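Please open the structure in the viewer and keep the selection panel at hand. The tour below proceeds one selection at a time.

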Amino acid sequence: MAFAFDPSYRSRLLALPRLLEQGNGPGAGLRARMRGGRIEFHDHRAYVPGDDPRDIDWSLFLRLDVLAVKEFRRDEAPAVTVILDRSGSMGREGGGKDRIQREVAGGLVHAALRAGAPVSLAVLGEAGPRVLARFRSTRELDALLSGLERLEPPGGPTWLTSITRLPPARGVGRVVFLLSDFLVEPPPAECLPVLARGSGTGFLLHLVAEEERRPSLRETAVVRDPETGETLLLPDTRAILPHYLEELARHEEEILRLARAHGLGHALVDDVHPFETTILHLLRGGRT
Amino acid sequence: MTFERPLVLLLLLAAPLLLLFIRRRLELRPRPVTTFLIFKRALARLQLPPRRRFRSWRELPRLLPLILALTALAGPRLLREREASPLVLVDVSPSMGTRTREGTRLERGLRRIRDLLPEARLRPVAGVVEEGTPRPLAVFTPLPSIEERCRELLAAGERVVLLTDRQPRDLPDACGLLLVGDDRPDAGLTAATLDEAGRLLLRGVSRGETGKRRVVLSREGPQGSRSLREEEIGTWPFRLVWEGILPASDALLRVRLEPADANPLDDEVWLAPPPRPFVVGLPVRGLDVLERAFAADPQVIILRGEGPCDLRVGASGEGRARLLLPPLASGGFRTGAVRRVRGPMRALGALSSFPMGDEQGDDPVYEVLEAPPDHEVLLTLDRVPLLVRAGDVFALLVDPRVGAWKNRRSFPLILSEVTGLLGRARSGIRRAWRGGEAIKVRSPAGADPDVHLEILPPGLPGRSVAVDEDGFFRFVLSDVGPHRLRLQGLDRSVPGWPLTLTCAVLSREAVLAATVTTITWRPPAPSATREDHAVPLEPWLLLPALLLLLLFECVPRFQRAGIHRNQEFSRP
């Protein structure tokens, strides 16, 4: 059965930019969290105590004896790339992990478009990130939703190392959002610096589903890797479960450590919280 | 305990193996897990003990639903020995159809026996309807066929309960009996006698639960009713003597039980003074016919030496001539020529209720030339007046010495009616029917047995005989009103003080309302034979199996499928 968003998803998506700007002022939001782009003069306004003295236009003060500060704005937003890991470890199509990945991706694309940034939607592939669609306006919302719904079901291995083939950021800069569960061996330490090359920056969105935190297995079970087909006999899942949870926490810590080490943003994404919460935490600088 | 399908139990041997096989297949089926890598790391850290065949003793109860279901399919039966259930022999003779507001006797008896058998820890398994012989209501007829059948069944080892409305005569003691009947609680006066010393003797009996009643003595006169004595009666039967009761000569005494019950026939007694004698003065000779006619009336006293005919009421000297014989010229009457008249005789006016039948007459009748304006024709012969009356003066327009009428059967009767009419007009006391008269009493054969009181005409219009269902009272009807009858008891009349009863005609509804069902119950003797009773056990096995299945399978699924997704977004 093909994936379909919840009927309320579109309205929630349209309300997302307003949520992002609430409580942050007109200059905050997605644009403020993005590096890159060029700053240019926009207008003067009267000085008020508390303004940065460096923004005072001293030449204007000398010529006209008026104390005013200069206001700037980015004249061009950085390009945004949303890369999805669609490997078999993302679970079945329509499952919790797959659903939250599509929802968060849609939210990020829409928020970036509202900030004026062009957005590319790509998936990891063997030959590197494969761009599925490019969006330049929020008027392409229907195309965005349709594209996300028509994503191929999860399957195949995790081509995380292929992200090294991502071309470096140029011009006004680039923001890369990588949505993956990072379940590869060994951890992708050497490929992550690619995201922060040049004038770009990157965010790691670590997907962990609730059923992965609370696995339900019989006492004796055989588990299969959906990516490689490898099977594993779990003779006593009760005894294994504490170690499993410990390893899962260790894996999350490892990804967080890698993100910090390379100056990347990081967020844990689960299918318990709504996607708006994840994006709000991410773009306001919070780390989950 | 036995099993209807014991072969199914063989599946119990294979059930554990089958269950283990299925579970193992389910457990070992590779299941895709997205965190396979994490499981792999965790397994590498763990040193596992050797695997057990049964991983936990808690797995064993999971076999219970299957074991219980298979056992139920085998049809387990718990055998219990109990006493043989009784056969119910039902008497369906016509009297069982006697209906009250609660239904017929048959319906009431069946309803009651359904309650009584479980109370006696008996289980009715069969009802044998026995065709009883139709029998009259008032005649006791035994039920030989049913009694013989009871004996046969008892000899065969059966337990028998007989449902009937008639007490069987030779019912074996071992046979149970449910006797259903109708009863009307009734209390009544059986004797009321007032002697010349002024002592009033009262007797009364009751049947059934009648409760307390009051007996009231009152004096009835033209000025109305006046209560003289009253006393509450709590124990039955009772005998009561009141002294000093000296009523006036013309007064009526009324003794009644209050309140009246459904059968007021015996709740009220009227004590009337004796009718006064009629004094008839006749000449020494010449009116033998009249003498014989009056002599038939026991209340008539005949005096000779006066007359030609002096009919008086009361003591001698009080009366005056009231019966005129032709030719006559007194009392406002005057007669003329004699004319022979032939034809049917007909009674009119106050004698209209007198039965004449097809009696024919052929007599020389005197023509009436003068008569008082308010005179009344009592008897005609071919429409020619034969007996006329003006007040208390009667004029006979035929000479009893020469006419043929004197030889007819109705002649003395009509003369006695003359005395009756004369006495009634004089004293206002209703004349009682004389005991010498022939009264035909017909039993209500074929009548509706529910009707408590039957009024049957014995051939005399206006004079009927009433008998109740049991023939307990016999009455002569002397007056008919729209709603009441005044009756005189024949059997209990006291010479000189006839017992007079006044009763209401009982309606069918009143009788039905007063009728209660009487039940006599005798359980059957314990039987020597016992029977096996198989109690099915399937429900006691399938229900726990279902509950255990829900406990072991469905509850964990629900727990595993706990809803952790929070689709609702709470705005910050």
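Among the contacts in chain B with a separation of 6 or more, what percentage comes from residues 24 or more positions apart? The share is 63%. The model on display is a predicted one.

Select chain B as a whole. Its secondary structure consists of 9 helices and 32 strands. Of the 572 residues in chain B, 27% are buried.

Next, display chain A together with chain B and turn to the contact between them. Chain A contributes 39 residues to this contact, and chain B contributes 29. On the side of chain B that touches chain A, at least two residues come from each of helix 1 (10–28), strand 2 (31–32) and helix 2 (36–45). Helix 2 of chain B gives the most to that side, namely 9 residues. Colouring this side of chain B by residue character will show 14 nonpolar, 11 charged and 4 polar residues.

Now select strand 2 of chain B along with strand 8 of chain A, residues 221–224. These two strands pair in the parallel sense, over 2 bridges. Within this selection, locate Pro32(B) in strand 2 of chain B; Arg224(A) stands opposite Pro32(B).

For the final stop, select helix 6 of chain B, residues 288–295. Which residues of this helix are buried? They are Leu290(B), Ala293(B) and Phe294(B). Rotate the view to look down the axis of helix 6 of chain B: the buried residues fall within an arc of 95°, and therefore they line one face of the helix.

Key
Residues numbered from 1 in each chain as written. Chains lettered and ligands numbered in written order. Predicted model: local features only at pLDDT ≥ 70, side-chain atom pairs only at ≥ 80, totals over all residues. Helix = DSSP H or I, 4+ residues; strand = E, 2+ residues; numbered from the N terminus. Buried ≥ 20, exposed ≤ 12 C-beta atoms within 10 Å, placed from the backbone. Contact = placed C-beta atoms within 7 Å. Nonpolar A, V, L, I, M, F, W, Y, C, P; charged D, E, K, R; others polar. Pairing = 2+ DSSP bridges. Arc of directions from axis to C-beta.
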